[in-house]
Structures are given as structure tokens and as C-alpha cells.
Amino acid sequence: MGRHVLILNRWNNRFAEYHRYLDHRVDRVSYLTTAAGRGPLDAALAEEIREVADLADRAEVIAAAAELVAAHGPFTHVLALSEFDLELGAELREALGVPGKGSAEVRLVRDKVVMKAAVAAAGLRVPANRAVASADEVRAFATEHGFPFVLKPRAGADSQGVHIPADAAALDAVLAREAADDGTLTDQQCEEFVDGTLYQVDGVVSGGVLRTVRSWRCLGSCLDFAVGSPFGSVANDDPAFEARVVEFTEGVLAALQLTDEVFHLEIFRTAGTDELVFLEIGARAGGGQVRFVWEEVYGLDLIEASVHVQLGVEREYPRADVGGEVAGYLMMPEPPVRPAVVHRVAPLGGAVPEIYAEALPPAGTVLDGNGGAVHTAGAFRFRAGTSAQVQSAIETAVKLYEIDWSPAEATGV
């Protein structure tokens, strides 16, 4: 008999088709999922699919998992592939006595203050940062480090709740929204603003060895996208810089005890000094268009890889080394007034030859400001021979992009 795997699922798309990654006829697989996430799961193959109202309800989830153990026997593995379920996965392993990452190990990749302390202790450059529990502590950080600086959640994702106040007046406005009446803040950190270019680094580490990796230069930032600017990313094709990135990445992985993971790392390449500075890491596949371009251009399904490395499956991983084809992507932000109903988004594939795929919201789609990097006002994927060609194509796509929309209220939606 094979493994008995518990999978925590909140996805409602093709990434939740776990039967594509794991042979349910060899391994027994049980699921804890929300009602929204049940659709892609194959009930005929599953040992059992148990719905919970909310995966954030720890007591309900742990009780449901215990019932699955009573009905089907103990689990050998707990898989939690979403950023938002990593802590829950650790708690379940500890509660059920399942091997794997516990709460202390997961904290290294979720708590950004703890994360940066570990990376700094390994001798790698990180931004000056500090946990803050009150408005006064935030103002003290501003006095010490100056403006602009970053205020954000210690365990956030997708640039949610991130603020970069440029001066004291802007900081007062942020604190008026974020602080409680008594001035307290919950699970926040302040961080030095780093002047430089943001790079994302995606890859797979297995058995402590970096199996495949590629860095991507960001055209803009995730925060810029969240507040209304296009976001583009281009695979790096400079081999000397890539070698520096790989060495830095290996240091980060060792510092954070990441030996068997798919990861999404963000670093800065500073202006002037050309230093590499750690920003943060996710112990999961990157979001947005990252998973698509990796599979379509470099031949690696990062979700499948996530399952395999966590289960200890021995396999080869396609390489994405500098020297081959260069991929890139562009995501367009939601309209400035939301909710908004989309009437038409013009396709660009025929006008920009480097575009090989595009995902456009169909007419009637309502964009409500909560789509993040999943439900955008248009996403485009590129491939070409060089980074310069891909960047030029992205810039052309931004200029040619057209969307017809109107406020949802005005249409009766």
C-alpha cells in the first residue's frame, strides 16, 4: 500500500487537479477543501473529500482531519500548496503526528521579520527592518530611517496591506486607516526602502540541491500593480548576473532550511552599488503568470513539482538556464473605478508577434478590485530570443492595449 496523503485545497482551477500530479490508484488521497474548491477534485479517485466552511477555522479543520484519520487511517503526508495554508499544514502535521515541516520551520518562510533575521545571520544583505506594534513605533522607525519606508504585514502576500509613505503626512493617513483607536497595530513590520530593480527568482530545490532556477527582471513592482499600473516580468539572459543570483539563492535556501521546495524568491539589485538584497521568499510556486510561462516555455509544471518534492518523488527537472529561449509576461490592472464591467479587451496576439498566449476577460466580466494577480484586465505571455526583445514587446503591448469598460452600477450589474 502506498502513501496516505491529506491535501488542503482552496483552489478552484486547473491547479487543483491533483490527480494529474499524484496517482490516486497507488496512493490514497483525502481532501479538506472549501465548497468553492470542490469542483476540480476527482471524487471517484479520492479516499474522501471533506468540505469545511473556512480553512481559516483551525478548530473545524483539525476536527475534520481527525475524523478522516478515524475513518481511513493515519496520514503519511500533509500537502498545503497555497501560501495561505502553510501554517495550517504545519499545525495539522503536529496535531496528527505526521512527518514534515512544523510551525517553527514554516514561520521561517511566513514571518518576514523572522525570515530576514535568518537570512541576515547567514551573512546576506537584507533591508533594515523591525516588528512594530504601535503607531509610535512606526514613527520612531521613520525618524531613524527616513522616508520613504515600507509598512506591511509580517505574513502577507500579493502586496496586500503594503504601504510606502513618502512623508509624515502620508504616514499619518496610513496610520489613521491601519492603527486601532489606541494606536496599536497587529502583526506589522517596518522595512527600509531599497532603491533598485526588483527580480523574482523561481526554482526547485530537492534533497538540498538546486535542481532548476531562473531569475526574472520585473518591469514595475507588485505594489504598483496592486494600485493600478501594468506589471511585466522578463527572464534574465545575462549569464554573469545569473551566476550571482544562483549563489545568492543557494545562500537564502540554506539560511531558511529549504531543502525540498518549489520557491518564489524576490530580491533587489540596487541602483549604484549593484548589490543583491533579499526582500522575501515564498515556499510555494509563484503566482500570476509565473506557473504558465514555466510550463509552456520551460516545460515544468511548478504545481506538479511542488507535490513531487514534498512527497520525495525522485525525478528529473527541466532546466531553464540562460542561453535558451526567453519568456516574459504582462498583466494589466483592473480599471480605476471598481466594480467595473468589461465590455471588450482588444486581443494583441496578431499585433505583437512575441505574444504566444493571452488571457482576456470576456465581455460581461465584473472586476471588483479583489482579483489580485489572478483576475486581471488582461494577461499576455511572451517568448523570444533575448530579454531585450521580450521587454520591447511588452512595452509595445502596453501602448496598444485597449479596454472598454464602465462602472458596474451604471449598467445594472
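This is a tour of selected strands, helices and salt bridges in a predicted model.

**Stop 1: the parallel sheet**

Start by selecting β1 (4-9) and β2 (28-33), together with β3 (48-51) and β4 (77-80). These four strands make an open sheet with parallel pairing, and the order across it is β3-β2-β1-β4. β3 and β4 are the edge strands; each has a single partner, so one side of each has no neighbour in the sheet. From one strand to the next the twist averages 20°.

Zoom in on β2 and β3, which are joined in the parallel sense over four bridges. Which residue of β3 is the bridge partner of Ser30? Pick Glu48 to see it.

**Stop 2: the helices on the sheet**

Add helix α1 (residues 58-72), which lies across β1, β2 and β3. Relative to β2, α1 runs at about 155°. Next add α2 (86-96). This helix lies across β1 and β4, and its angle to β4 is about 170°.

**Stop 3: α2 against α3**

Keep α2 on screen and select α3 (103-110). The two helices pack with their axes 9 Å apart, at an angle of about 170°. Angles over 145 degrees count as roughly antiparallel, and α2 and α3 are therefore roughly antiparallel to each other. To see the contact, show side chains for Leu86, Glu87, Ala90, Glu91 and Glu94 on α2, and for Ser103, Val106 and Arg110 on α3. Sorted by class, the contact comprises three nonpolar, one polar and four charged residues.

**Stop 4: salt bridges**

Side chains of opposite charge can pair when their charged atoms come close. The model has 30 salt bridges; a few are visited here.

Begin with Asp27 and Arg3, whose side chains meet in a salt bridge at 3.0 Å, N to O. Asp27 sits in the loop between β1 and β2, while Arg3 is in the segment before β1, so the pair links distant parts of the chain, 24 residues apart. Is each partner buried or exposed? Asp27 has a relative accessible area of 4%, which is under the 20% limit, so Asp27 is buried. Arg3, at 26%, is partly exposed.

Move to Glu17 and Arg20. Their closest N and O atoms are 2.8 Å apart, and the two residues form a salt bridge. Glu17 is partly exposed, with a relative accessible area of 26%. Arg20 is also partly exposed, at 32%.

Now select Glu261 and Lys101, a salt bridge in which the closest N and O atoms are 3.7 Å apart. Glu261 belongs to strand β11 (residues 261-270), and Lys101 to the loop between α2 and α3, so this pair ties together parts 160 residues apart in sequence. Glu261 has a relative accessibility of 6% and counts as buried.

End this stop by selecting Glu83, Glu87, Arg110 and Arg284, which are joined into one network by salt bridges that share partners. Glu87 and Arg110 were also in the contact between α2 and α3.

**Stop 5: the strands around β7**

Finally, select β7 (residues 184-192) with β5 (residues 129-134), an antiparallel pair over five bridges. Within this pair, Val132 has Gln188 of β7 as its bridge partner. Then add β6 (residues 149-153), which also pairs with β7 in the antiparallel sense, over five bridges. Here the bridge partner of Lys152 is Gln189 in β7.

Definitions and conventions. Residues are numbered from 1 along each chain as its sequence is written. This is a predicted model: local features need pLDDT of at least 70, side-chain atom pairs count only at pLDDT 80 or more; totals for chains, interfaces and linings use all residues. Side-chain values use heavy atoms; hydrogens and water are left out. A salt bridge is a side-chain nitrogen of Lys or Arg within 4 Å of a carboxyl oxygen of Asp or Glu. Buried means under 20% relative accessible area, exposed over 50%, partly exposed in between (1.4 Å probe, protein chains only). Two strands pair if DSSP finds at least two bridges between them. Axes are lines fitted to C-alpha atoms, for helices over the stretch in contact, and angles run from 0 to 180 degrees between N-to-C directions. Angles under 35 degrees count as roughly parallel, over 145 as roughly antiparallel, 65 to 115 as roughly perpendicular and the rest as oblique. Contact means heavy atoms within 4.5 Å. Ala, Val, Leu, Ile, Met, Phe, Trp, Tyr, Cys and Pro count as nonpolar, Asp, Glu, Lys and Arg as charged, and the others, Gly among them, as polar.
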